[in-house]
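Colleague: I would like to learn how charged pairs and cysteines are read from a model. Could we go through them slowly, beginning with the general idea each time?

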Amino acid sequence: MSDIHPSAVVSADAELDPSVSVGPFAVIEGPAVLGPRVHVHAHAVVRGPVLLETGVRIWPMAVVGGDPQDLAYGGEPTGLEIGARTVVREGATVHRATGDRPTRIGSDCLIMGNAHVAHDCRLGDRIVVSQGAGLAGHVEIADGAVIGGMAGVHQHVRIGAYAFVGGAAAVARDVLPFSMVDGHPARHRRVNTPGLRRAGIPEHRDRAVRAALRAARDGTLTGDESEAAKIMFDFLQGPSRRGLTDFAHPRRG
């Protein structure tokens with residue numbers, strides 16, 4: 001039987017696994033599906049339609065599944081999915097989509113306190129969105145990326161795998177995989193070496209990443225140089241609404 005505090009409000013439309021726990025004064029609204037070992041802490045709000053997969057933890061005062069903040073939204077049913085073991089900390093907000101494809105946060109992500117993930121965002125696995133950062137609508141972030149505290153990411157921006165966005169950065173254009181951007185506006189600075197080490201990427205591949213980033217900067221990237229170069233090349237060939245973030249140290253001559 002689910003461990004639901006007597007003061008919690010749980011909709012009759014909600015589906016809770018028997019191992020779910022819901023803290024004092026938490027609210028579960030509408031057609032929400034909570035998988036095994038999901039924990040909704042005190043005063044948190046979950047608004048369906050939403051799917052919380054195994055082991056998701058929603059901390060106090062977080063609001064998950066709110067209506068999209070889009071003036072074109074007309075109240076139609078839309079969705080949100082949060083993958084296994086992802087944690088949404090205090091005061092964070094994650095909104096449902098505006099169309100048929102749900103907003104999606106992958107597995108093993110950390111959405112820190114007071115961060116915002118807007119409608120139609122698509123986040124991969126093992127992503128960190130730090131304290132107070134904001135992702136506008138339709139942002140796409142690939143696996144292993146980190147968004148620094150108080151950073152702002154513009155609508156429709158794509159951020160590549162294992163990229164790092166510095167604190168308080170203003171990201172208005174796409175960010176290459178494996179790279180580190182910072183500034184206002186953000187610019188590509190260098191390879192995200194700490195992130196690669198945390199991900200267990202070996203040193204020889206680190207060198208290949210550096211070469212690929214230089215080739216992308218110089219406009220000579222073909223995708224044939226290394227696996228890292230192919231990943232960057234494929235990213236650059238993908239559809240972009242915003243274009244690529246500038247480099248802080250452009251090619252000379």
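Colleague: How many salt bridges does the count come to by the rule?

Modeller: A salt bridge is taken as a side-chain nitrogen of Lys or Arg within 4 Å of a carboxyl oxygen of Asp or Glu, and by this rule the count comes to 12. This is a predicted model, in which local features need pLDDT of at least 70 and side-chain atom pairs count only at pLDDT 80 or more, while totals for chains, interfaces and linings use all residues. Residues are numbered from 1 along each chain as its sequence is written, and side-chain values use heavy atoms, with hydrogens and water left out.

Colleague: Which residue forms a salt bridge with R210, and where do the two lie?

Modeller: The partner of R210 is D206, with the closest N and O atoms 2.9 Å apart. Both lie in helix 2 (residues 203–218), 4 residues apart, which is about one turn of the helix; helices here are DSSP runs of H or I with at least four residues, strands are runs of E with at least two, and both are numbered from the N terminus.

Colleague: Is D206 buried or exposed?

Modeller: Relative accessible area, computed with a 1.4 Å probe on protein chains only, gives three classes: buried is under 20%, exposed is over 50%, and partly exposed is in between. D206 counts as buried at 9%, whereas R210 is partly exposed at 36%.

Colleague: Which parts of the chain does the pair of D246 and R173 link?

Modeller: The side chains of D246 and R173 meet in a salt bridge at 3.4 Å, N to O. The pair links distant parts of the chain, 73 residues apart, with D246 in the segment after helix 3 (227–237) and R173 in the loop between strand 26 (170–171) and strand 27 (179–183). D246 is partly exposed at 40% relative accessibility, and R173 is partly exposed at 38%.

Colleague: What is the N to O distance between R89 and E90?

Modeller: In the salt bridge of R89 with E90, the closest N and O atoms are 3.0 Å apart. R89 is partly exposed with a relative accessible area of 27%, and E90 is partly exposed with 31%.

Colleague: Why is C109 not bonded to C121?

Modeller: A disulfide is a pair of cysteine sulfur atoms within 2.5 Å, and by this rule the count comes to 0. The closest cysteine sulfur to that of C109 is in C121, and because it is 12 Å away, it is too far for a bond. C109 is buried at 2% relative accessibility, and C121 is buried with a relative accessible area of 0%.
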